[in-house]
Amino acid sequence: MKFLFFSSAVWDYYQRLTPLCAELARLGHTVVFVEPIRYTGALPAHLDPSRSTPVPPGVQVVRRQSALRRGVSLALLQNMRNLHALRQHKPDVAVLSDVAFGLAPALYLRFSRTKAVLDYIDDWPEWSRVSWERWTLRHILVPTVARLADVCTVTAERLGDDLRRHARRVAYVPNGTAEPPPPLDENAFHGGSGVLYVGGLTDRIDVALLVELARQMPNVPVTALGDGPQRGCLRETTRCVPNLHAPGPVSHEEAMQAIRTAAVCLVPYVPSRLTDRCFPIKLAEYWACGKAVVASDTHEVRRVGEGRLRIYQNASEAVAAVQSLLNNPQERATLGKAGYEAVRDCYNYRTLALRFLSAACDDDTVQETMTS
């Protein structure tokens with residue numbers, strides 16, 4: 001099978017499609033990863049990351065750039081270039097990851113033999129700060145592309161609920177780690193030091209909680225690895241909170257190494273409609289390293305994490321949960337083992353790639369893949 005992915009992020013920005021494409025290629029499928037256009041004045045990390053990510057064998061990355069700035073002209077150009085990519089590569093399956101740039105391809109695919117998959121991984125309208133753009137996404141673009149697609153894959157339960165009245169078919173394919181985790185010794189579950197958050201420092205992250213944790217536990221290192229609009233504010237705070245560290249973005253492997261050496265890991269979402277629909281990749285990666293996790297109370301994290309992590313409702317509960325876990329290695333190990341087993345059995349792309357194939361392709365294709 002030949003897969004053409006229209007990504008919403010460039011290859012070097014490690015995200016869901018990075019391990020999925022790598023695993024599909026490992027299984028013998030042809031994978032073409034088409035980056036979004038890097039436009040003039042682009043600031044977001046997903047278009048201009050500071051670190052590079054290796055391209056595995058079997059994956060072709062198509063990089064694109066334009067002198068245009070963000071706006072309607074750029075959207076039209078990207079739709080047209082995406083149509084050209086479809087005609088050039090002639091895939092068996094095309095995966096759309098951005099409805100604003102996927103409308104023309106979705107219309108084209110409706111009248112072709114290529115299967116169309118809408119990979120809906122976030123409540124995209126909520127990211128927009130422009131009211132008309134948010135309304136257009138929620139009421140026109142998302143429903144239209146969902147109706148045109150053969151199947152919509154979603155990473156969270158409520159994303160599926162949002163699409164179900166529009167889509168022909170909805171399949172749940174959550175996020176996960178790149179591979180099943182290796183066997184871990186007891187020290188991986190009991191050991192480690194300090195508190196760690198890994199991920200983007202966007203508006204959905206409760207940076208104030210990270211600061212409060214550091215202030216309430218002055219002898220415990222609290223580290224945030226990542227970049228985003230809130231990083232500057234966090235770095236300013238580190239000047240007066242010496243146990244708080246915000247060194248910025250690191251490579252994926254450096255992030256994984258930091259997780260392995262931490263004692264407790266955080267998912268500090270600000271509860272909202274957006275975060276209720278988020279399954280953070282880092283949650284699965286924390287679990288893959290056998291780490292105890294403390295998370296804010298959002299719908300999807302609570303649903304997949306029941307019995308595998310500690311949930312907090314406010315800063316006081318978060319501090320108490322972290323302090324309790326730091327003082328009790330056995331409790332850390334119990335949670336870490338529960339999360340580890342979930343990743344080993346479900347939340348890894350050796351398993352999730354087959355689930356994706358099952359959603360996107362016919363049963364014979366999946367059976368041939370499993371046999372090979």
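**Pockets, cavities and cores**

Five helices, α1 (17-26), α6 (186-190), α9 (252-261), α10 (281-288) and α14 (349-360), each contribute at least two residues to the lining of the second largest pocket. The model examined here is a predicted one. Among the contributors to this pocket, α1 gives the largest share of the lining, with five residues. The second largest pocket has a volume of about 740 Å³, and 33 residues line it. Nearest its centre lie A178, E179, H252, E253 and M256. Sorted by class, the lining of this pocket holds 16 nonpolar, nine polar and eight charged residues.

Enclosed spaces come next. Rolling a probe the size of a water molecule over the atoms shows where empty space is left. Across the whole structure, the search finds two cavities of 30 Å³ or more. The largest cavity contains about 70 Å³ of space. It is lined by 13 residues, and F6, S7, N82, D98 and F101 are the closest to its centre. The lining of the largest cavity is made up of five nonpolar, five polar and three charged residues.

The second largest cavity has a volume of about 40 Å³. Its lining consists of S7, S8, Q15, R16, L17, S97, D119 and I121. By class, these residues are two nonpolar, four polar and two charged. S7 is thus a name to look for twice in the structure: it is one of the residues closest to the centre of the largest cavity, and it also lines the second largest cavity.

The filled interior can be followed in a similar way. In soluble globular proteins, nonpolar side chains tend to be buried together. Here, the largest nonpolar core has 58 residues, and L234 and V322 are those with the most contacts inside it. Leaving aside residues up to four places away in sequence, L234 touches L201, V207, L210, V211, A224, L244 and A246. Another core, of 28 residues, lies apart from the largest one, and its members include V32, L109, A116 and A146.

One of these members, L109, leads to helix α3 (residues 103-110), where A104, P105, A106 and L109 are buried. An α-helix has 3.6 residues a turn, so residues three or four places apart point the same way. The cover over the buried residues of α3 includes two helices, α2 (72-89) and α4 (131-148), along with the strands β4 (93-96) and β5 (115-120).

How values were computed:
Residues numbered from 1 in each chain as written. Predicted model: local features only at pLDDT ≥ 70, side-chain atom pairs only at ≥ 80, totals over all residues. Heavy atoms only, no water. 1 Å grid on protein atoms, 1.4 Å probe; cavity = no way out; pocket = protein on both sides within 12 Å on 5 of 7 lines; lining within 4 Å. Points joined across faces, edges and corners; volume = space filled by probe spheres on them. Helix = DSSP H or I, 4+ residues; strand = E, 2+ residues; numbered from the N terminus. Nonpolar A, V, L, I, M, F, W, Y, C, P; charged D, E, K, R; others polar. Buried < 20%, exposed > 50% of the residue type's maximum accessible area, 1.4 Å probe, protein only. Contact = heavy atoms within 4.5 Å. Core = buried A, V, L, I, M, F, W, Y, C linked by side-chain atoms within 4.5 Å.
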